Amino acid sequence: MASFSIEDFVGDGVLKELIPKLLEEGWDDVPTLKIMNPEDMDAINMTQHQKDALEIRTYLHDRALMQYGDKLEASRKSLPELLNLSTEDLSSQFGMKRGHIARFTDRNNKCTDPLPKSYGLPARKLTVTPSRSNTTYKMQTIRKSFSRSSTNNDRSLEESLADFKIKDGYIFKGIVAAGPAEPRACGCVQPPPVVDNVAPYSAIENISVQRLTPEYKIGMERLAKTKTPPMKASELWRDKPAVLLCIRRPGCIMCRAEAHQLYAKKPIFDALGIQMFAVLHEHIESEIKDFWPRYWGGVVVFDRTMGFFKALGGGKLLKDKFLSGFVFNPRAIANYKRAKSMGIEQNFKGEGEIKGGLFIVGPGGTGIAYQFIERNFGDWAPVAEVVEICARLKNQQQDEGDSSRSPQEHK
């Protein structure tokens with residue numbers, strides 16, 4: 001699976017010299033860089049070779065083939081030209097393996113779940129120059145880009161999210177969701193029960209957490225040199241809503257796949273004003289280094305008392321054994337095969353029986369908007385539901401802001 005490190009993404013090619021400029025202009029993480037359009041490229045004076053290199057590396061990143069980035073880029077061919085090469089040419093000129101050739105030439109089969117085809121930011125017509133590299137500025141420009149309209153490719157945020165909308169006829173699971181309970185060992189093994197009610201806000205607001213990593217940006221240290229002191233979890237969403245992905249084990253192939261898929265949608269969450277956190281119940285530094293930013297470029301926090309994981313289980317940890325929860329569980333095996341097909345590495349360090357899940361928490365003390373429980377090993381929160389809830393939070397905040405404005409401000 002392709003890394004979310006900018007340095008790994010640009011490799012040793014012509015984009016490497018652009019890193020200072022990318023940082024200055026706010027293109028400082030891989031998901032955002034991948035949605036750069038031709039107008040954005042012209043705005044920072046990219047050469048045609050650099051534009052071709054970015055298109056090639058974006059394509060390779062989606063297919064977990066970044067090991068060929070430098071060679072393909074050095075050929076000075078465009079992506080369409082490379083895709084028209086024969087199998088023999090790809091093998092002889094670039095040393096591409098047969099299985100990788102099949103993945104490269106299949107234009108529809110991506111290892112990642114990409115942003116919608118309609119998704120794309122219009123060019124950023126920057127009107128201010130100071131502090132363009134900070135996170136607040138970047139989120140503002142993304143939001144403005146979504147809200148602008150023109151005769152070309154510009155789309156509103158609502159239109160760009162249309163591909164993620166829950167389809168007509170789908171029964172929305174409500175505020176608590178979980179994968180189905182598959183029969184195990186011909187029905188001889190019963191899955192552990194899951195809670196049907198949302199966790200009370202009081203169960204999570206005072207959890208003691210510690211930030212282990214910052215949000216990844218170009219050139220950033222792999223880990224914060226000094227860990228932040230413990231704090232109440234409510235500080236994480238005090239000002240803005242947050243998605244909290246509770247990771248069962250950062251070395252798990254299925255957990256890494258879920259984290260990678262979710263973080264790939266970072267530009268959408270940025271535009272919605274949603275923060276992204278990965279929550280761990282163990283602090284193993286070597287595991288964090290392997291996990292961040294390769295599979296997750298957002299903030300990583302340590303749940304010191306496993307409070308979030310207990311909240312997912314209705315007050316107690318939701319656990320499952322390897323034999324009954326994986327070997328005898330066809331859904332868990334299918335989840336494993338899905339992650340394996342994405343080319344993700346794994347290890348077996350750490351505790352892996354405690355189930356994870358996902359929370360979406362509103363700003364301040366407004367409460368839990370959504371929670372997903374990992375009933376089967378490797379279950380993912382459906383992206384459609386996560387985006388839908390986040391969009392509702394954004395609309396709710398806008399409605400509350402409009403209602404609090406005076407009549408004069410509305411004019």
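The following exercises, each with a worked solution, concern a predicted model.

**Exercise 1. The surroundings of helix α12**

Determine how many residues of helix α12 are buried, and state what this says about the position of the helix.

Solution.
Step 1. Helix α12 covers residues 253-263.
Step 2. A residue counts as buried when its relative accessible area is under 20%. The residues of α12 that meet this condition are Ile253, Met254, Cys255, Arg256, Ala257, Glu258, Ala259, His260, Gln261, Leu262 and Tyr263.
Step 3. Eleven of the eleven residues are therefore buried, and the helix is largely enclosed by the rest of the structure.

**Exercise 2. The internal cavities**

Find how many cavities of 30 Å³ or more the model holds, and identify the element that gives the most to the lining of the largest cavity.

Solution.
Step 1. Rolling a probe the size of a water molecule over the atoms shows where empty space is left.
Step 2. Two cavities of 30 Å³ or more are counted. The largest cavity contains about 70 Å³ of space.
Step 3. Its lining consists of 13 residues, and those nearest the centre are Cys246, Cys255, Glu258, Glu374 and Asp379.
Step 4. The element that gives the most to this lining is α12, with three residues. Cys255 and Glu258 are also listed among the buried residues of α12.

**Exercise 3. Salt bridges within helices**

For the pairs Asp270 with Lys266 and Arg392 with Glu388, establish how each pair is placed in its helix and whether its members are buried or partly exposed.

Solution.
Step 1. An α-helix has 3.6 residues a turn, so residues three or four places apart point the same way.
Step 2. Asp270 and Lys266 both belong to helix α13 (residues 266-272), where they stand four residues apart, about one turn of the helix. The closest N and O atoms of their salt bridge are 2.7 Å apart. Both residues are buried.
Step 3. Arg392 and Glu388 are four residues apart in helix α18 (residues 383-404), and are therefore separated by about one helical turn. The closest N and O atoms in this salt bridge are 3.4 Å apart.
Step 4. Arg392 has a relative accessible area of 41%, so this residue is partly exposed. Glu388 has a relative accessible area of 15%, so this residue is buried.

**Exercise 4. A network of charges**

Which residues are linked with Glu215 and Lys217 in a network of salt bridges?

Solution.
Step 1. The structure holds 17 salt bridges. One of them joins Glu215 and Lys217, with the closest N and O atoms 3.4 Å apart.
Step 2. Glu215 has 24% relative accessibility and is therefore partly exposed, whereas Lys217, at 9%, counts as buried.
Step 3. The network links Asp29, Glu215, Lys217, Lys266 and Asp270. It thus includes Lys266 and Asp270, the pair from helix α13.

**Exercise 5. Polar contacts of buried side chains**

Identify a polar partner for the side chain of His61 and another for the side chain of Glu73.

Solution.
Step 1. His61 lies in helix α5 (residues 48-62) and is buried, with a relative accessible area of 1%. A polar atom of its side chain lies 2.8 Å from the backbone oxygen of Ser3.
Step 2. Glu73 is found in helix α6 (residues 69-74) and counts as buried at 3% relative accessibility. The side chain of Glu73 is joined to that of Arg57 by a polar contact of 2.7 Å.

**Exercise 6. Backbone exceptions**

Locate a cis peptide bond, and describe the setting of Asn45 and of Arg76, two residues with a positive phi.

Solution.
Step 1. Most residues other than glycine have a negative phi, and most peptide bonds are trans.
Step 2. The peptide bond between Trp292 and Pro293 is cis, with omega about 0°. Pro293 sits in the loop between α14 (285-291) and β6 (299-303).
Step 3. Asn45 is not a glycine, yet its phi is positive, about 60°. Asn45 belongs to the loop between α4 (38-43) and α5, and is exposed, with a relative accessible area of 63%.
Step 4. Arg76 likewise has a positive phi, about 65°. Its place is the loop between α6 and α7 (79-83), and with a relative accessible area of 57% Arg76 is exposed.

Terms used: Residues numbered from 1 in each chain as written. Predicted model: local features only at pLDDT ≥ 70, side-chain atom pairs only at ≥ 80, totals over all residues. Heavy atoms only, no water. Buried < 20%, exposed > 50% of the residue type's maximum accessible area, 1.4 Å probe, protein only. Helix = DSSP H or I, 4+ residues; strand = E, 2+ residues; numbered from the N terminus. Polar contact = N/O pair within 3.5 Å; in protein donor to acceptor, adjacent residues only side chain to side chain. 1 Å grid on protein atoms, 1.4 Å probe; cavity = no way out; pocket = protein on both sides within 12 Å on 5 of 7 lines; lining within 4 Å. Points joined across faces, edges and corners; volume = space filled by probe spheres on them. Salt bridge = Lys/Arg side-chain N within 4 Å of Asp/Glu carboxyl O.
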